[in-house]
Structure formats: C-alpha cells, structure tokens
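Q: Could we go through this structure together, one topic at a time?
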Amino acid sequence: MDVYVPLIRKFAARLVFFHSAIASAFGLNATDLHTLRLLGEQSMSAGELSSQLGLTGAAVTALIDRLETAGYVVRERGSSDRRRITVHANREKLRAVNDRYAGQRIRMDKLLSKYTAAEFRVITSFLEETTSVLAEETETLKQGG
C-alpha cells in the first residue's frame, strides 16, 4: 500500500494534466473533452450524458450549448417527441481531437506489448476494479457520505 497510493496519485495527476493539455489546445475544458470522447461515434440523449458524466440536467444543457456553439456537437430533436434531444459529435472535429492522442496511443501500444497475456489480465482486472471503486466512492460522496 505504501507504494500503491502515491503511485496512483501521481498517475491520476498526470492523466488530468495530459487531458487538460489536449482540451486546452482546442479551447475546451476537461469536461468538454471527456464528453466528446464519451460520445465518440454514437449519439446520446441529454439524460444519458447527465448519467454518464454525473452532472445535473442544467449543467449538461449548458455543456451541450457550449459544445454546439463551438461546433463540436450537433443537437437533434426526436421526430416523434420534440422534447427528446440526442447529441452527437461533429466527426471532423472529433477526428482532430482524437488525432492529438496519436503519440500517446503509439507509445502505449509499445508499452503494453511488453506484457504477457497473463500479466495483461492482471493489469486489466486491477484497472476495472479500481474504476469500480472510484465510481462507487463518487456516488457515496454525491449522496453526502
């Protein structure tokens, strides 16, 4: 544990700095960037985005407004229910954002190729379980715990 916690803190900080640098290069904030990456090639409703991002409906509306104004997303109203809104990323802009990750992707592919299938299963398990702990703890904090 004495090695784990400082290492995870350092990793988490570097991850935040990395994504913030990419977001900044496009005039976005980290939540904007995360939303674009979350959308990818799919469409999501405002409610789905709210759930995935852990933001209120009002915050998601402001987020969508901001990204739409900047040309990063397109908002579409449902044909049968005009109140239902789906959002999808502008593919051209998403491609430009994703291209900024090319150097990291290449280096990570090289790094991950060093591990055996068994080692990679351990790494994957660790990351999945850590992600679950973070999600559960986030929910606890949001509920005032």
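A: The helices, their packing and the largest pocket are taken up below.

Q: Before that, what kind of model is this?
A: This is a predicted model, in which local features need pLDDT of at least 70, side-chain atom pairs count only at pLDDT 80 or more, and totals for chains, interfaces and linings use all residues. Residues are numbered from 1 along each chain as its sequence is written, and side-chain values use heavy atoms, with hydrogens and water left out.

Q: How many helices and strands are there?
A: The chain has seven helices and three strands. Both are DSSP runs numbered from the N terminus, helices being H or I with at least four residues and strands E with at least two.

Q: And in which pattern along the sequence?
A: The pattern is α-α-β-α-α-β-β-α-α-α.

Q: At what angle do helix 2 and helix 4 pack?
A: Helix 2 (residues 30-39) and helix 4 (residues 57-69) pack at about 80°, and their axes are 11 Å apart. Axes are lines fitted to C-alpha atoms, for helices over the stretch in contact, and angles run from 0 to 180 degrees between N-to-C directions. The two helices are therefore roughly perpendicular to each other, a term for angles of 65 to 115 degrees.

Q: Which residues meet there?
A: Thr31, Asp32 and Thr35 of helix 2 meet Leu63, Arg66 and Leu67 of helix 4; contact means heavy atoms within 4.5 Å.

Q: Where do helix 2 and helix 3 touch?
A: The axes of helix 2 and helix 3 (residues 46-53) come within 11 Å and cross at roughly 115°. His34, Thr35, Leu38 and Leu39 of helix 2 make the contact with Leu49, Gln52 and Leu53 of helix 3.

Q: Changing topic, how much space lies in the largest pocket?
A: About 1,700 Å³. On a 1 Å grid over the protein atoms alone, a pocket is an open set of points where a 1.4 Å probe fits, with protein on both sides within 12 Å along at least five of seven lines; lining residues have an atom within 4 Å of a point. The volume is the space filled by probe spheres set on the points, which are joined across faces, edges and corners.

Q: Which residues are closest to its centre?
A: Of the 37 lining residues, the closest are Phe11, Ala12, Leu15, His19 and Leu127. The largest share of the lining, 12 residues, comes from helix 1.

Methods. Parallel < 35°, antiparallel > 145°, perpendicular 65-115°, else oblique.
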